[in-house]
Amino acid sequence: MEMKPQKNKLLKLFTSTMLISAFTFGGGYVIVPLMKKKFVDELHWLNEEETLDFVAIAQSSPGAVAVNASILLGYRIAGFPGALVAILGTILPPMVILSILSLFYMEFKESPAVNAVLGAMRAGVAAVIVNVVFSMGGNILAEKDVVSVVVMAAVFAAVYFFKVNIILVILLCAAIGIIRTYVRLRKEAGK
Amino acid sequence: MILLKLFLSFLQIGLFSIGGGYAALPLIQNQVVDVHGWLTLSEFVDVISIAEMTPGPIAVNSATFVGIKIAGVVGAIVATAGCILPSCVIVLLLAYLYQKYKKMTVMQGVLSGLRPTVVALIASAGASILLLALFDSESIALNDVDWQNVAITAAGIAALRIFDPNPIWVIGGAGAVGLFLYFLGNSSGLEKILLIGLAIVVLAGLGAFYFLRRRKQDGDKTNGA
């Protein structure tokens, strides 16, 4: 009896990561709105802050962001077995799709119907990611912390307009976090 | 021997591609095209466009593609395993450390400092995706607006705001609309009427499904309270 909830949890984790992976078009960050909806809003296995932490860690580690994020997610939810299950769920859809496509990829690439579907899906992905940026950005603004807002605007400008190296940006922002914590602790100790 | 080569080659790609996605491309090209000659340059360009058209990380996609071409399904599995092994080891270690130390004051400071950063990174990726969808290029070109995609994006955002569905419905639904419009543009008069009729039936079905589910959920809530 003890094993059953764990087994159900792993199965749910597997099917959820597989479904999410099958719709992660357009790069690793698209995993964020999908992960947030499934694991934060529907299953309540995580909170929104953890999702953002996972992305920060996934982005700073070697390998694909989506795979890294699913390892962190799986480990958080069900330990080592959870991580294995989440990895498997994440890599199976692209592996199966690419294996099948490798047989007739020229026809696929040049089919006007396929291109019509994928072009429109791009618009769907754009809607999804714009929506999550507004809701997550709104949450940051609602905290009314001036430094957070300035950091958010500066990082966007640095990465989007000036193409600054993302790892450098993350290290710098982590340093700002450490300094702010230190200053806050000093202030509290002073009181 | 070839399997070992595949494994080691994609292991290097997995280990040195920090930041994912396009950061991995030059590494993959170096290993797959220049060092081993498993793909020609034009095949490699094809792999990139296929990877863009299919879900999943570009490194996993190219590992599968190259693996299959060189050594069949076993090759695909070996190459993909090599590609994700470094992530597995390093990120698992980080996951362990994160769970263990996330309550520490310094960690809290670092992580809360990184949250606005990550939102900005997502926004930056989102801006590129949005421009690509609306203008079919990475820059704003007002004479080259893809109005169909503008409409789909606007409808998608509205649907997400009003109904808060799983985003998968919006992405899949956008694809279905694209397919519908494609067939509509390539059909004769009678076929057009049939297609529109079919679309109305599907939409009505989805609407009814949504309505019934909504009523059931409301009923559950009332019962629960």
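In the predicted model, Q31(B) is a buried residue, because 22 other C-beta atoms lie within 10 Å and the cut-off for burial is 20 or more. Q31(B) belongs to helix α2 of chain B, which covers residues 25–35. When residues up to four places away in sequence are set aside, Q31(B) touches S9(B), Q12(B), I13(B) and H36(B). A further relation links Q31(B) to L8(B), from which Q31(B) is separated by 23 residues in sequence and by 10 Å in space, C-alpha to C-alpha.

Chain A was considered next as a whole. Its secondary structure consists of 8 helices and 0 strands, so that the order of elements from the N terminus on reads α-α-α-α-α-α-α-α. The C-alpha atoms of chain A occupy a box of roughly 70 × 55 × 30 Å along the principal axes. Of the 191 residues in chain A, 48% are buried. Among the contacts in chain A with a separation of 6 or more, 52% join residues that are 24 or more positions apart.

Between the two chains, 88 residues of chain A are in contact with 82 residues of chain B. The elements of chain A that each give two or more residues to this side are α1 (3–22), α2 (31–42), α3, α4 (65–101), α5 (105–110), α6 (112–142), α7 (146–161) and α8. The greatest contribution to the side of chain A that touches chain B comes from α6(A), with 23 residues. By class, the residues of this side comprise 63 nonpolar, 18 polar and 7 charged.

One part of the contact between the chains involves α3(A) and α5(B), whose axes come within 9 Å and cross at roughly 80°. The two helices are therefore roughly perpendicular to each other, since angles of 65 to 115 degrees fall in that class. On the side of α3(A), the contact is made by E49(A), L52(A), D53(A), V55(A), A56(A) and Q59(A), while α5(B) supplies L111(B), L114(B), R115(B), T117(B), V118(B), V119(B) and L121(B). This contact of α3(A) with α5(B) has 8 nonpolar, 2 polar and 3 charged residues.

Within chain A, helix α3 (residues 48–60) also meets helix α8 (residues 166–190), and here the axes come within 10 Å and cross at roughly 130°. The relation of α3(A) to α8(A) is therefore oblique, and α3(A) passes α8(A) in a left-handed crossing. The residues that make the contact are A56(A), Q59(A) and S60(A) of α3(A), together with I166(A), I167(A) and I170(A) of α8(A). These residues divide into 4 nonpolar, 2 polar and no charged. A56(A) and Q59(A) of α3(A) thus appear in the contact with α8(A) as well as in the contact with α5(B).

Helix α8(A) was examined further for its span and its burial. The 25 residues of α8(A), at 1.5 Å a residue, should span 36 Å, and because its end C-alpha atoms are 36 Å apart, the expected and computed values agree. The buried residues of α8(A) are I166(A), V169(A), I170(A), C173(A) and G177(A). Several of these positions are three or four places apart in sequence, and an α-helix has 3.6 residues a turn, so residues with that spacing point the same way. The cover over the buried residues of α8(A) includes α3 and α7 of chain A as well as α5 (105–135) of chain B.

In helix α7 of chain A, Y160(A) counts as partly exposed because it has 17 C-beta neighbours inside 10 Å. Leaving aside neighbours within four places in sequence, Y160(A) is in contact with S124(B) and A127(B).

Two loop residues of chain A have positive phi values although they are not glycine. In the loop between α7 and α8 of chain A, K163(A) has a phi of about 55°; with 9 C-beta neighbours inside 10 Å, K163(A) counts as exposed. In the loop between α2 and α3 of chain A, H44(A) has a phi near 55°, likewise a positive value in a residue other than glycine. H44(A) is exposed, with 8 other C-beta atoms within 10 Å.

Definitions and conventions: Residues are numbered from 1 along each chain as its sequence is written. Chains are lettered from A and ligands numbered from 1 in the order in which they are written. This is a predicted model: local features need pLDDT of at least 70, side-chain atom pairs count only at pLDDT 80 or more; totals for chains, interfaces and linings use all residues. Axes are lines fitted to C-alpha atoms, for helices over the stretch in contact, and angles run from 0 to 180 degrees between N-to-C directions. Angles under 35 degrees count as roughly parallel, over 145 as roughly antiparallel, 65 to 115 as roughly perpendicular and the rest as oblique. A crossing is left-handed if the near helix is turned anticlockwise from the far one by less than a right angle, and right-handed if clockwise. Two residues are in contact if their C-beta atoms, placed from the backbone, lie within 7 Å. Ala, Val, Leu, Ile, Met, Phe, Trp, Tyr, Cys and Pro count as nonpolar, Asp, Glu, Lys and Arg as charged, and the others, Gly among them, as polar. A residue is buried if 20 or more other C-beta atoms lie within 10 Å of its own, exposed if 12 or fewer, and partly exposed in between; C-beta atoms are placed from the backbone. The expected span of a helix is 1.5 Å times one less than its number of residues.
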